[in-house]
Number of protein chains: 2
Amino acid sequence: MNAEIITIGDEILLGHTVDTNSAFISRQLSAIGFEVTHKSVVSDKLEAMEEAFRIALRRSKVTIATGGLGPTDDDRTKRAIVKVFKRNLILDDDILDTLKNRWASRGQEMPALSQNQALLPQGATFFPNQIGSAVGICITEQERVFIALPGVPIEMRHLMTEQVRPYLAKMKIDQAMSIVTLRTTGIGEVILSEKIQPNMKLEPGLKLAYLPTFGQVDLRVVSTAQHQTEADEKAERLVRYIEKAVGKHIYGRDDDTLTGVIGQLLKDNDKTLAVAESCTAGQLGMAITDVAGASSYFVGGLLAYANDVKTAQLGVAEQILIDHGAVSEECALAMAIGCRKLFGTDYTLSITGIAGPDGGTDEKPVGTVYVGLASAHTTMARLFKFGNDRTSNRTLAVNSAMEMLRREILDICN
Amino acid sequence: MNAEIITIGDEILLGHTVDTNSAFISRQLSAIGFEVTHKSVVSDKLEAMEEAFRIALRRSKVTIATGGLGPTDDDRTKRAIVKVFKRNLILDDDILDTLKNRWASRGQEMPALSQNQALLPQGATFFPNQIGSAVGICITEQERVFIALPGVPIEMRHLMTEQVRPYLAKMKIDQAMSIVTLRTTGIGEVILSEKIQPNMKLEPGLKLAYLPTFGQVDLRVVSTAQHQTEADEKAERLVRYIEKAVGKHIYGRDDDTLTGVIGQLLKDNDKTLAVAESCTAGQLGMAITDVAGASSYFVGGLLAYANDVKTAQLGVAEQILIDHGAVSEECALAMAIGCRKLFGTDYTLSITGIAGPDGGTDEKPVGTVYVGLASAHTTMARLFKFGNDRTSNRTLAVNSAMEMLRREILDICN
């Protein structure tokens, strides 16, 4: 079944915002077997939206629009919807009560303008929004589904995962489909495919895609068949084949995250963790605590950005900094060891490197990063050579540190 | 004059690649006065491209398509062009010679497949590509301009800036355009508009848009007029009006970021900063060091996730934790003060709160966050009540902490 995504907003047309929403929606839709055939971006002018909605309804079974659901005058999505569907806007009492309660809980009265967000096209249903004031809107007509979501990424994501995806997953899809995503890290796309492809013969109805992101490659197995059991079994056969070929690089499946998997490992083994970060300056701690309940294993960390902090707080010997520099195996090891003394945890991770764009030398170019790990049994450091981009270097460093810890806990060779 | 961008490629439809090309093209077009009215993404299937090209030619004076110009069988853009424009593909000798020379200069013979890249729709002109093998293609017909560029970002950017932009800039533009984005924080969209809207009368040719993201709202002023000076002046009049209404909430313009602005303030005043983070666990440190060169003012930080770390490392009195709890004004203050002792910086920021989803109580529900600030002259803490979502609570806390620091440095009342 095909689907189409419409992003509304001048800021995206003007190029001031890169459209990440539609990529997220695409992945969610693919995961439940929809084929996204079109994406478009239109201005928030009424006529432009109407035209885009009409084109979409003509060619796509499911249309998801994002943006233009705010309370102000330049939020016109609902007005475009009622023109296209020839309906009226009606004040919904349930939504209004929720909005009033939300303002009241902050001790404030709801501004008059906010009432606009309780308006709903006649005959539409809505998806409640737990984290913002714009509900999602759903209209079905002549076997077409039209859904409007807010454009604020966090709210769109919340509604998409909690409400829209389960709703659409119930729609009758022409074929039975089974999708398994194997999540790998610590290995590139090319090497992965060299390990997997040579002797692989895909059964009919099986597809394997390599989907690289930052330091990770997802392997997506899509299996279609007449019946669900058949699709599931065929997918599992390919999964087992891949696991045999590259098993140690697979940290999880589907919605598993590396931080989530590591958190569970620490919990299961009743172990604690602390971090010492230089160039990532908090990104590792932040990533580890993305997972709710991280307080049962994450104790704390030291952001040792300045060298003085490395010596004074982490006990890195000044001689190490003089002889080897702050970006060195020796420093990464000393940071990990010092961190373990400071916080008394079972494991510590340390990161020190040159994120860029400045600070690189011939010997240690931008992208040079050392990750250290210390536990009761192991003290180790590894050198990574990433690229020129500050943001990706920091993200790759965090990813590599977490993968080192995963392998250490699981006793897979690092 | 309006323009439209078409991105070709399944990887973008599937959501595994975020479309950054079209944002780049938009900015280039806006800069020379074109109004981008539509963007779309289509698969590399022939029929899908044809449909997209036809729709674009109907409604847009200028269409720029990217992608599908490679030599292999699944690069079908030229085939779609000749079908839509009812022309033939013709081998262009100039392009062929250039290709052959390029291969020869590497000491290699041109593969047969590469000859496809010398095929040009009859009557089209081409933009030479200095850094790749796919030329840009340009067709004009009935006052419509259709341009096809390669999808590889570096080649597209090269052709867009060196060839397409100068070419299009010569076209007669009906209107001059001036765009200013005012970046605000610490105030919601609704309250902003209540402060700005009441007495505002927009001159003809002026538009004001509210663009909310996390804890920030961008105000985008778009001004169109016959001449550039007129457009610029009209935009500035509205900007001054807005500055008068909500000036203290405006931290910057256009590409300014809150972290960048704060970094510059710290640099200009020769001040240093350290952080003590509980619930954000590194996100504040990470945000501050997103900016290259942060090492000249950011010293380090302590991630005090566990209460033991708050007492042992930051010197928060155990009695404070017993009497008021870790999420309290008193604890935020003690963390900021302790952090200043530990790192000896001019300023410190502290964050302690309940990010959720668990840990909330009736008295302190999820979303309760205290931010502390300490300097030689000031010690303060503020209570924030955010929402239910862990990720947004952490981001909003970081944003609020940075805004507190900005106001403290600028001596704007907090």
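How many residues of chain B are in contact with chain A, and how many of chain A with chain B? I started my notebook with that. I counted 73 residues of chain B in contact with 71 residues of chain A. I note at once that this is a predicted model.

**Entry: the interface**

Next I looked up the buried area. Chain B and chain A bury about 5,600 Å² between them. Of that area, 58% is on carbon and sulfur atoms. I wanted area as well as contacts, because the size of an interface is often given as the accessible area lost when the parts come together.

Then I turned to polar pairs. I found 37 residue pairs in polar contact across the interface of chain B and chain A. Strand E2 of chain B, residues 35-42, gives the largest share of the side that touches chain A. Its share is eight residues.

I also looked for charged pairs. The rule finds eight salt bridges across the interface of chain B and chain A. Over all chains, the whole structure has 30.

**Entry: lysine 45 and glutamate 35**

I picked out Lys45(A) and Glu35(B). Their side chains meet in a salt bridge, at 2.9 Å from N to O. This pair crosses between chains. Lys45(A) sits in the loop between strand E2 (35-42) and helix H3 (46-59) of chain A. Glu35(B) is in strand E2 of chain B.

Are these two buried or exposed? Lys45(A) has 31% relative accessibility, so I put it down as partly exposed. Glu35(B) has 33%, so it is partly exposed as well.

I then looked at Lys45(B) and Glu35(A). They form a salt bridge too, at 3.5 Å from N to O.

I found a network as well. Glu4(A), Arg59(A) and Glu51(B) are linked by salt bridges.

**Entry: salt bridges inside a chain**

Which residue forms a salt bridge with Glu236(A)? I found Arg253(A), with the closest N and O atoms 2.9 Å apart. The two are 17 residues apart, and the pair links distant parts of the chain. Glu236(A) belongs to helix H8 (residues 228-246) of chain A, and Arg253(A) to strand E12 (residues 250-253) of chain A. Glu236(A) is partly exposed, at a relative accessible area of 25%. Arg253(A) is partly exposed at 29%.

In chain B I checked Glu403(B) and Arg406(B). Their salt bridge is 2.8 Å from N to O. Both lie in helix H14 of chain B, residues 390-410. They are three residues apart, about one turn of the helix.

Buried or exposed, I asked of this pair. Glu403(B) has a relative accessible area of 5%, so I marked it buried. Arg406(B) is buried too, at 2% relative accessibility.

**Entry: nonpolar cores**

I looked for cores next, because nonpolar side chains tend to be buried together in soluble globular proteins. The largest nonpolar core holds 68 residues. Among the members that touch the most others are Leu284(A), Phe298(A) and Ile351(A). From chain B, Leu284(B), Phe298(B), Ile351(B) and Leu405(B) are on that list. Another core of 32 residues lies apart from it. Its members include Val299(A), Leu314(A), Met335(A) and Ala274(B).

**Entry: chain A as a whole**

I stepped back to chain A. Its secondary structure comes to 14 helices and 17 strands. Of its 414 residues, 58% count as buried. The C-alpha atoms fill a box of roughly 75 × 60 × 45 Å along the principal axes.

I read off the domain assignment. Domain 1 is 2-169, domain 2 is 176-253 and domain 3 is 258-410. The centres of domain 1 and domain 3 of chain A are 41 Å apart, taken over C-alpha atoms.

I also looked up contacts in chain A between residues at least 6 apart in sequence. Of these, 66% join residues at least 24 apart.

**Entry: two single residues**

Where is Ser30(A)? I found it in helix H2 of chain A, residues 21-31. Its relative accessible area is 9%, so it is buried. Leaving aside neighbours within four places in sequence, Ser30(A) is in contact with Ile179(A) and Leu14(B).

My last stop was Glu233(B), in helix H8 (residues 228-246) of chain B. It is partly exposed, at 45% relative accessibility. Asn388(B) is 155 residues from Glu233(B) along the chain, and 44 Å separate their C-alpha atoms.

Definitions and conventions. Residues numbered from 1 in each chain as written. Chains lettered and ligands numbered in written order. Predicted model: local features only at pLDDT ≥ 70, side-chain atom pairs only at ≥ 80, totals over all residues. Heavy atoms only, no water. Core = buried A, V, L, I, M, F, W, Y, C linked by side-chain atoms within 4.5 Å. Buried < 20%, exposed > 50% of the residue type's maximum accessible area, 1.4 Å probe, protein only. Domains from an automatic or database assignment. Contact = heavy atoms within 4.5 Å. Buried area = accessible area lost by both parts, 1.4 Å probe. Salt bridge = Lys/Arg side-chain N within 4 Å of Asp/Glu carboxyl O. Polar contact = N/O pair within 3.5 Å; in protein donor to acceptor, adjacent residues only side chain to side chain. Helix = DSSP H or I, 4+ residues; strand = E, 2+ residues; numbered from the N terminus.
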